[in-house]
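Here is a short tour for anyone meeting this structure for the first time. Take a look at the chain, then read on for a few spots to pick out.

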Amino acid sequence: MGAACCKSETAPSSDATVDARPALDSSLQALPPVAGGNTEKERVYSVKLTKTGDMKLGLDVDFMAERSVLPIMTVTGGVAESWNQEHPELSISKGDSILEVNGVSGDVAGMLDRCKTDVELELTLCRCLNYDHLVSDLEKLISNKGCGPILIRLSWHDAGVFNGKDGCPNAAMRLSGSGEHSMAANAGLPEVAIGLLRGIAEKYVPRLISHADLW
């Protein structure tokens with residue numbers, strides 16, 4: 001029943017491609033910057049912290065076992081606050097995420113354990129990497145480029161079943177070798193909609209969210 005409503009037996013009219021052309025020509029130009037910087041070099045930084053005496057680390061993090069990063073909820077004082085006072089250009093901020101702790105990455109339980117037990121800590125972090133910043137970056141993109149409708153179309157077509165047999169929201173349209181990438185019904189989506197999301201995807205996927213969940 002669900003497949004039937006999404007099934008497309010005929011190719012779309014030429015209007016589908018024509019409608020996408022103005023966006024292809026202009027929407028991908030001058031995209032708004034994402035929070036924290038447009039490049040990995042701008043966003044990622046490292047700090048070295050040493051716990052002395054009874055001083056605590058001073059970071060509250062948002063732990064979720066299925067994630068690969070530890071978003072910082074707040075800086076509560078301790079070693080982290082001392083670091084911020086001495087290194088304002090590399091200050092640790094709410095909304096940043098810890099990517100690696102003493103060589104451990106991708107394993108949030110292991111990273112958290114290092115933070116609790118190791119006296120000397122070398123942290124690699126990414127600026128503005130949490131869900132609040134993700135929502136803000138998406139809202140800024142939609143407001144700046146007026147691209148809400150085509151992003152809704154991307155989400156709908158990704159979830160739709162166009163051959164009547166299979167399909168699911170798996171973001172396969174981004175892969176040039178996939179059938180969804182070249183389907184006439186998806187005209188304009190791989191070139192425009194995915195292009196509009198490229199900067200956001202490069203920042204948040206897969207560290208915080210998957211391509212399919214982003215769409």
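## A walk through the model

Met111 touches Ser68, Leu70, Ile98, Leu99, Glu100, Val101, Val104, Ser105 and Gly106, leaving out residues up to four places away in sequence. Keep in mind that what you see is a predicted model. Met111 itself belongs to helix α5, which covers residues 108–117. Is Met111 buried or exposed? Its relative accessible area is 0%, so Met111 is buried. One of the residues it touches is Leu99; the two are 12 residues apart along the sequence, and their C-alpha atoms are 8.7 Å apart in space.

Now zoom out. The chain has 215 residues, and 41% of them count as buried. You can trace 11 helices and six strands along it. Look at contacts between residues at least 6 apart in sequence: 67% of these join residues at least 24 apart. As for the outside, the chain exposes about 11,500 Å², and 53% of that comes from carbon and sulfur atoms.

Follow helix α5 onward and you get to the loop between α5 and β6, where Asp118 lies. Asp118 counts as buried because its relative accessible area, 16%, is under the 20% cut-off. Not counting residues up to four places away in sequence, Asp118 touches Lys51 and Asn102. With Asn102 there is a polar contact too, side chain to side chain, at 2.8 Å.

Another loop worth a stop is the one between β6 (120–126) and α6 (131–145), which is where Asn130 sits. Asn130 has a relative accessible area of 14%, so this residue is buried as well. A polar atom of the Asn130 side chain lies 2.9 Å from the backbone nitrogen of His133. If you set aside neighbours within four places in sequence, Asn130 is in contact with Pro71, Gly95, Tyr204 and Leu208.

Asn130 also leads to the largest pocket, as one of the residues lining it. How much space lies in that pocket? About 160 Å³. The rest of the lining is made up of Asp62, Arg67, Pro71, Ile72, Met73, Lys94, Gly95, Tyr131 and Asp132. Both β3 (70–75) and α6 supply at least two of the lining residues, and the largest share, three residues, comes from β3. Two names turn up both here and in the contacts of Asn130: Pro71 and Gly95.

Next, the charged pairs. Side chains of opposite charge can pair when their charged atoms come close. How many salt bridges does the count come to? Seven. Here are three of them, with the N to O distance for each.

| Salt bridge | N to O distance |
|---|---|
| Glu40 and Arg43 | 3.6 Å |
| Arg67 and Asp62 | 3.0 Å |
| Lys203 and Asp137 | 3.4 Å |

Take Lys203 and Asp137, whose side chains meet in a salt bridge. This pair links distant parts of the chain, with Lys203 in helix α10 (residues 198–204) and Asp137 in helix α6, 66 residues apart. Both partners are buried.

Some of the salt bridges share partners, and in this way Glu40, Arg43 and Arg207 are joined into one network. Within that network, Glu40 and Arg43 both lie in helix α3 (residues 40–43), three residues apart, or about one turn of the helix. Their surroundings are not alike: Glu40 has 35% relative accessibility and so counts as partly exposed, whereas Arg43, at 3%, counts as buried.

The pair of Arg67 and Asp62 brings you back to the largest pocket, as both residues are in its lining. Which of the two is buried, and which is partly exposed? Arg67 has a relative accessibility of 7%, so it counts as buried. Asp62, with a relative accessible area of 29%, is partly exposed.

To retrace the route, start at Met111 in helix α5, move to Asp118 in the loop between α5 and β6, and go on to Asn130 in the loop between β6 and α6. From there, look at the largest pocket, which Asn130 helps to line, and finish with the salt bridge between Arg67 and Asp62.

How values were computed. Residues are numbered from 1 along each chain as its sequence is written. This is a predicted model: local features need pLDDT of at least 70, side-chain atom pairs count only at pLDDT 80 or more; totals for chains, interfaces and linings use all residues. Side-chain values use heavy atoms; hydrogens and water are left out. Helices (H or I, at least four residues) and strands (E, at least two) are DSSP runs, numbered from the N terminus. Buried means under 20% relative accessible area, exposed over 50%, partly exposed in between (1.4 Å probe, protein chains only). Contact means heavy atoms within 4.5 Å. A polar contact is a pair of N or O atoms within 3.5 Å; within protein, one must be able to donate a hydrogen and the other to accept it, and residues adjacent in sequence count only if both atoms are side-chain atoms. Accessible areas come from the Shrake-Rupley method with a 1.4 Å probe; for residues, only the protein chains shown count as cover. A salt bridge is a side-chain nitrogen of Lys or Arg within 4 Å of a carboxyl oxygen of Asp or Glu. On a 1 Å grid over the protein atoms alone, a cavity is a set of points where a 1.4 Å probe fits but cannot get out, and a pocket is an open set with protein on both sides within 12 Å along at least five of seven lines; lining residues have an atom within 4 Å of a point. Grid points are joined across faces, edges and corners, and a volume is the space filled by probe spheres set on the points.
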